[in-house]
Amino acid sequence: MNNIFKYYLALLLLLPAWARADFGDNPGEYSFPAGVALDGQGHIYVTELGNDRVQKFSPELEPLQSWGRFGQDSADFDDPVSLTIAPDGNIYTVDSGNRRILVSDQKGIQLYQLPLPDSSRCYGIAIAANGNIYLSDQSQDMIYILNSDGLMLETIGQPGNQPGQLRKPRGLVFDGEGRLYVVDTGNNRICVFSPQGEYLSSWGSYGEDVGEFDSPSGIAMSSNGQIFVTDSGNDRFQEFSLGGVFQSTGGSSGSGEGQFYNPQGITLDESGNLYIVDCDNHRILFFPTQ
C-alpha cells in the first residue's frame, strides 16, 4: 500500500475542517489532546490532558458536547490519556492520574468506575472479544487483564528488553484472530502476544529510518489487517503489514498541513480513514484514504 501521496493531497482539502480547533478550553478547542476513538455512528471522541475532559464531535466534525474537569470526584479526570468504545457503545476512559477507568454512556453520563492498582500509571486500553479489558501500565511495565467487573485476572509481560518483556508500554490493539499488539514504547518496538498471553514476536528498533521508532505511542488496525503506529519522537505515523513489514509512512515535524508535533492516539473509521492526535499542536489530523 503506497497511497501516502493521496493522503497528503486529500489532507490539503480536508484539514481546514479541523483548523478551528486551536489551543484553548472552549468547544472545539484543545489543550494537549491524547486519545481518540469513534463510535458506530461516526462520532469522534477525544481526551484532553490539559483540560481534563472528553470532547464529542459529529461525523461532520462539529463539536457536540464535552464532559469532565480536573479533580477526583466521580465525573472528574486527572490525565485522561486514552479511551475506547465497547461493543455496547459505552465509553471506557483511562483516568490515569486517578488510577481508574471511568465508564460513561455516549452522552457523557458516568455509569460506574473500575479502580486500578495504586501503583499503576495506565495508558492504553483495548477490549477483547470476550469482554475482558486490557490495560498497559507504564509504571509496572506490564499489561493488566481485567474482567468486565474490573477484577484482575492476570498480567502479561515484565520489565526488561528481552523477548516478551516490556518497558513503558502504551497503545494496544487486537487483530481478527485475537492476537494482542502492544506498543512497547521504551523499547521502541511492537510486541505481539497470543490470545493466551504468550509472546509471539516483535519488530522495530530505535532510529529514524523507515521501520524504526522513537517513542512510539498509538496503534490502530484497519479492517484488512494493516497496522498504523504513531511514531511520536519522529513526528510521523508508519504503516505495517500484519506481520510487521513496513508499508508506508506519513508526516514530518512542524505545524503545517500533514505535519506533527508529538502525535499520540490514532484510530480508523469503517472506510479506513485515519484520525491522528497531534498532541502538542493541539489538533486532530484527518488522513482520507481516497
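How far is the sulfur of Cys 279 from the closest cysteine sulfur, and which residue holds that sulfur?

## Cysteines

This is a predicted model, and in it the closest cysteine sulfur to that of Cys 279 sits in Cys 122, 19 Å away. That is too far for a bond, since a disulfide needs the two sulfur atoms within 2.5 Å. Cys 279 is also tucked away: its relative accessible area is 5%, so it counts as buried.

The structure as a whole holds zero disulfides. Cys 122 is in none, and the nearest cysteine sulfur to its own belongs to Cys 191, 17 Å off. Cys 122 is buried too, because its relative accessibility is just 2%, under the 20% cut-off.

## The chain overall

Strands dominate the inventory here: one helix and 23 strands. The radius of gyration comes out at 17 Å, close to the 19 Å that the globule rule gives for 290 residues, so the chain is as compact as a globular protein of that length. Along the principal axes, the C-alpha trace spans about 45 × 45 × 30 Å.

Of the 290 residues in the chain, 58% are buried. As for contacts between residues at least 6 apart in sequence, 41% of them link residues at least 24 apart.

## The E1-E4 sheet

Now for a sheet from the early part of the chain. Four strands, ordered E1-E2-E3-E4, make up an open sheet with antiparallel pairing. Its edges are E1 (33-38) and E4 (63-67), each of which pairs on one side only. From one strand to the next, the twist averages 20°.

Strands of a sheet pair through backbone hydrogen bonds, either parallel or antiparallel. E3 (residues 53-57) and E4 go for the antiparallel option, over four bridges. To find a spot in that pairing, look at Lys 56, whose bridge partner in E4 is Gln 65.

## E6 and its two hairpins

Strand E6 (residues 91-95) is largely enclosed by the rest of the structure, because five of its five residues are buried. Ile 91, Thr 93 and Asp 95 point one way, Tyr 92 and Val 94 point the other way, and all are buried.

E6 takes part in two hairpins. With E5 (residues 80-85), E6 runs antiparallel over five bridges, and Pro 80 stands opposite Asp 95. There are five residues between these two strands, and Gly 89 takes a positive phi near 90° in this hairpin. With E7 (residues 100-104), E6 again runs antiparallel over five bridges, and here Val 94 has Ile 101 as its bridge partner. Four residues separate E6 from E7, and in that turn it is Arg 99 that has a positive phi, about 55°.

## Gln 138 in its loop

What does a buried polar residue in a loop get up to? Gln 138 lies in the loop between strand E10 (133-137) and strand E11 (142-146). Its relative accessible area is 14%, so it counts as buried.

The side chain of Gln 138 makes a polar contact with the side chain of Arg 170, at 2.9 Å. Leaving aside neighbours within four places in sequence, Gln 138 is in contact with Arg 121, Tyr 123, Lys 168, Pro 169 and Arg 170. Two of those, Arg 121 and Tyr 123, flank the buried Cys 122 in sequence.

Key:
Residues are numbered from 1 along each chain as its sequence is written. This is a predicted model: local features need pLDDT of at least 70, side-chain atom pairs count only at pLDDT 80 or more; totals for chains, interfaces and linings use all residues. Side-chain values use heavy atoms; hydrogens and water are left out. Buried means under 20% relative accessible area, exposed over 50%, partly exposed in between (1.4 Å probe, protein chains only). A polar contact is a pair of N or O atoms within 3.5 Å; within protein, one must be able to donate a hydrogen and the other to accept it, and residues adjacent in sequence count only if both atoms are side-chain atoms. Contact means heavy atoms within 4.5 Å. Two strands pair if DSSP finds at least two bridges between them. Axes are lines fitted to C-alpha atoms, for helices over the stretch in contact, and angles run from 0 to 180 degrees between N-to-C directions. The radius of gyration is taken over C-alpha atoms; the globule rule is 2.2 Å times the number of residues to the power 0.38.
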